[in-house]
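I am opening a fresh page for this structure and will write down what I look up, beginning with the strands and then turning to the helices.

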Amino acid sequence: MQTRIIDGNAIALEVREGLRRRVAALTAAGVQPGLAVIRVGDDPASKIYVRNKIKACGDAGLHSEQIDLPATLTEAELLARIHALNVDARIHGILVQLPLPRGISGARVLEAIAPDKDVDGFHPVNIGLLAAGHPRFVPCTALGVMRLLEHEGIDPAGRHAVVVGRSNIVGKPMALLLLQKDATVCLCHSKTPNLGAMTRQADLLVVATGKPNLIRGDMVKPGAVVIDVGINRLPGGTLSGDVDFRSVLGIASHLTPVPGGVGPMTIAMLIGNTVLAAERTREN
Ligand code: NAP
């Protein structure tokens, strides 16, 4: 079977072009969408992620604020910064880059963000809306996967979808979105016995584990759509996904590469959620 490689870079470019037009219309009407990105401490990967997000904001015509805070910051000080952004009219989206230093509760910090500015979609209100089937702000990576599928004309309805990984950031929202689109969803994790027996049942397989090359060709049903969310930096510096790309080639009908698959969509969806947040302020 010829495997179609899904070009996330090209699809994300298309999405961002559409967003630029919405940003221009909003800005002309006096509302320039604004995103604040808070980073606490010196995690090197976080520095790169934040830099990329701020650059994407500039490219799309958004106002952005990068707020770098020291690891010695107290939780109370961080909450105070978030409360100030919650009432700042120039800011429509607030993102706190994870992980946070020890001693700061991620849950309390995410709950402090006003749900209307929670463009990461991690606030319990937004998770609840997603679970109830009325999504407002949806976590960007899972949303990006749905846009990839839509672009490729892959309708999850009636398909057996298997999601490997159950994090709040990727796996759980992914399973909920696929369920909402009428897939029959199975959510696997590190305690799932005989993972291959589960993944081989999937018409649509989404993998988000952080385990390089966990999924091999013999774990994939011929003709399945395989979406690799994983981004793993191997010793030596090369990037690998959670799917063993080479062994799945020729078995899957569609496959996302790493890099250049899901990754670029995540940032595009973040910009999209910020634009949506700004549009919603005009409706209220
Ligand atoms: P995470 O919070 O560490 O969660 C990993 C999940 O995978 C957990 O649910 C874990 O199960 C499960 N898992 C681990 N080993 C497994 C195994 N051998 N078999 C089955 N399940 C296993 O990670 P995450 O934040 O969801 O991220 C997952 C991957 O996606 C990482 O590589 C990350 O870098 C990448 N990522 C990419 C993007 C993007 O934009 N492309 C965005 C976010 C994350 P338990 O719950 O039982 O521990």
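I looked up the sheet first, and in this predicted model I find 3 strands that form an open sheet in the order β3-β2-β4, with parallel pairing. I then asked which strands stand at the edges. They are β3 (63-69) and β4 (93-96), and because each has a single partner strand, one side of each is left without a neighbour in the sheet. I also noted the turn between neighbouring strands of this sheet, which is 15° on average when direction is ignored.

Next I followed one pairing in detail. Strand β2, residues 34-40, pairs with β4 in the parallel sense over 4 bridges, and when I looked for the bridge partner of Val37 in β4, I found Leu95. I add as a reminder that strands of a sheet pair through backbone hydrogen bonds, either parallel or antiparallel.

From the strands I moved to helix α2, residues 44-60, which lies across β2, β3 and β4 and runs at about 170° to β2.

My last entry concerns two other helices. The axes of α1 (residues 8-28) and α6 (residues 140-151) come within 11 Å and cross at roughly 95°, which means that α1 is roughly perpendicular to α6. Where do they meet, I asked, and which residues take part? On the α1 side I list Gly8, Ile11, Glu14 and Val15, and these meet Arg147, Leu148 and His151 in α6. Sorted by class, this contact of α1 with α6 has 3 nonpolar, 2 polar and 2 charged residues.

Conventions: Residues are numbered from 1 along each chain as its sequence is written. This is a predicted model: local features need pLDDT of at least 70, side-chain atom pairs count only at pLDDT 80 or more; totals for chains, interfaces and linings use all residues. Side-chain values use heavy atoms; hydrogens and water are left out. Two strands pair if DSSP finds at least two bridges between them. Axes are lines fitted to C-alpha atoms, for helices over the stretch in contact, and angles run from 0 to 180 degrees between N-to-C directions. Contact means heavy atoms within 4.5 Å. Angles under 35 degrees count as roughly parallel, over 145 as roughly antiparallel, 65 to 115 as roughly perpendicular and the rest as oblique. Ala, Val, Leu, Ile, Met, Phe, Trp, Tyr, Cys and Pro count as nonpolar, Asp, Glu, Lys and Arg as charged, and the others, Gly among them, as polar.
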